Amino acid sequence: MTNRRTVVLPTIVSSLKTFASCLLGLLLLAGMTFGQERYGELRGEAVDSTGAVLAKAAVIARNVESNRVYNTVTGTDGNYIIRDVDPGRYNVTFELTGFSRYEVPNVLVIVGRVFKVDAKMSVGATEQTIQ
């Protein structure tokens with residue numbers, strides 16, 4: 001007669017090993033997925049000289065090397081977000097009718113990072129570049 005304890009114990013051990021292997025596999029897969037970031041992000045705010053937010057301002061980020069362009073507009077709160085930006089150097093330009101063009105040159109976008117680029121735009125037709 002076989003002892004019941006000797007039959008159940010190997011089954012439990014085998015089940016625990018299978019569970020542990022599956023859990024380890026899932027954790028490794030999740031780690032590989034999170035490690036595959038390829039982009040950076042630009043975000044910021046456009047305001048006028050008094051600090052009032054500027055809605056519907058065009059935001060253009062142009063890659064200096066590849067000439068690739070990302071476009072968006074600011075929301076009613078004056079904020080914008082450009083996600084999934086390829087790494088590299090960008091000239092970021094803000095444009096809105098009745099305001100001078102505002103440019104921030106050589107913004108370095110790095111994988112997995114968020115970069116804040118704000119604009120303080122002046123009324124008029126002149127152009128302003130931040131060095």
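**Close-up views of a predicted model**

**Figure 1. Surroundings of Thr74.** The side chain of Thr74 reaches the backbone nitrogen of Ala57, at a distance of 2.9 Å. This view, like those that follow, is taken from a predicted model. Thr74 belongs to the loop that lies between β3 and β4. Its relative accessible area is 3%, below the 20% limit, and Thr74 is therefore classed as buried. Apart from neighbours within four places in sequence, Thr74 is in contact with Ala46, Leu54, Ala55, Lys56, Ala57, Val59, Asn79 and Tyr80. Ala57 thus appears in this list of contacts as well as in the approach of the Thr74 side chain to a backbone nitrogen.

**Figure 2. The hairpin of β2 and β3.** Strand β2 comprises residues 58-63 and strand β3 residues 69-73. The two strands run antiparallel and are joined by five bridges. Within this pairing, Ala61 stands opposite Tyr70 of β3. Five residues lie between the strands of the hairpin, where Asn67 takes a positive phi near 70°.

**Figure 3. The largest nonpolar core.** In soluble globular proteins, nonpolar side chains tend to be buried together. The largest nonpolar core of the model contains 22 residues, of which Leu42, Ile82, Val92, Phe94 and Val117 touch the most other members. At least two residues of this core come from each of the strands β1 (40-48), β2, β4 (79-85), β5 (88-95), β6 (101-109) and β8 (119-121). The greatest contribution is that of β6, which gives four residues.

**Figure 4. Contacts of Val92.** Val92 is one of the core residues that touch the most other members. When neighbours within four places in sequence are left aside, the residues in contact with Val92 are Leu42, Val59, Ile60, Ala61, Tyr102, Glu103, Val104, Val107 and Val117. Two of these residues, Leu42 and Val117, are likewise named among the core members that touch the most others.

**Figure 5. Aromatic pairs.** The structure holds three aromatic pairs. One of them is formed by Phe94 and Tyr102, whose ring centres are 6.1 Å apart and whose planes meet at 70°. The arrangement is edge-to-face because the angle between the planes is over 60 degrees. Phe94 and Tyr102 are both buried. Ring pairs also bring in Tyr80, so that Tyr80, Phe94 and Tyr102 are linked into a cluster.

**Figure 6. Salt bridges.** The model contains six salt bridges, of which selected examples are described here. The side chains of Lys116 and Asp118 meet in one of them, with an N to O distance of 3.2 Å. Lys116 is exposed, at a relative accessible area of 60%, whereas Asp118 is partly exposed, at 34%. Elsewhere, Glu41, Arg43 and Arg83 are joined into one network by salt bridges that share partners. Within this network, the closest N and O atoms of Glu41 and Arg43 are 2.6 Å apart. Glu41 counts as buried at 14% relative accessibility, while Arg43 is partly exposed at 32%. A further salt bridge links the side chains of Arg101 and Glu103 at 3.7 Å, N to O. Arg101 counts as partly exposed, with a relative accessibility of 28%, and Glu103 counts as buried, at 13%. Glu103 is also in contact with Val92, the residue shown in Figure 4.

Definitions and conventions:
Residues numbered from 1 in each chain as written. Predicted model: local features only at pLDDT ≥ 70, side-chain atom pairs only at ≥ 80, totals over all residues. Heavy atoms only, no water. Pairing = 2+ DSSP bridges. Core = buried A, V, L, I, M, F, W, Y, C linked by side-chain atoms within 4.5 Å. Buried < 20%, exposed > 50% of the residue type's maximum accessible area, 1.4 Å probe, protein only. Contact = heavy atoms within 4.5 Å. Polar contact = N/O pair within 3.5 Å; in protein donor to acceptor, adjacent residues only side chain to side chain. Phe/Tyr/Trp six-rings, centres within 6.5 Å; stacked < 30°, edge-to-face > 60°. Salt bridge = Lys/Arg side-chain N within 4 Å of Asp/Glu carboxyl O.
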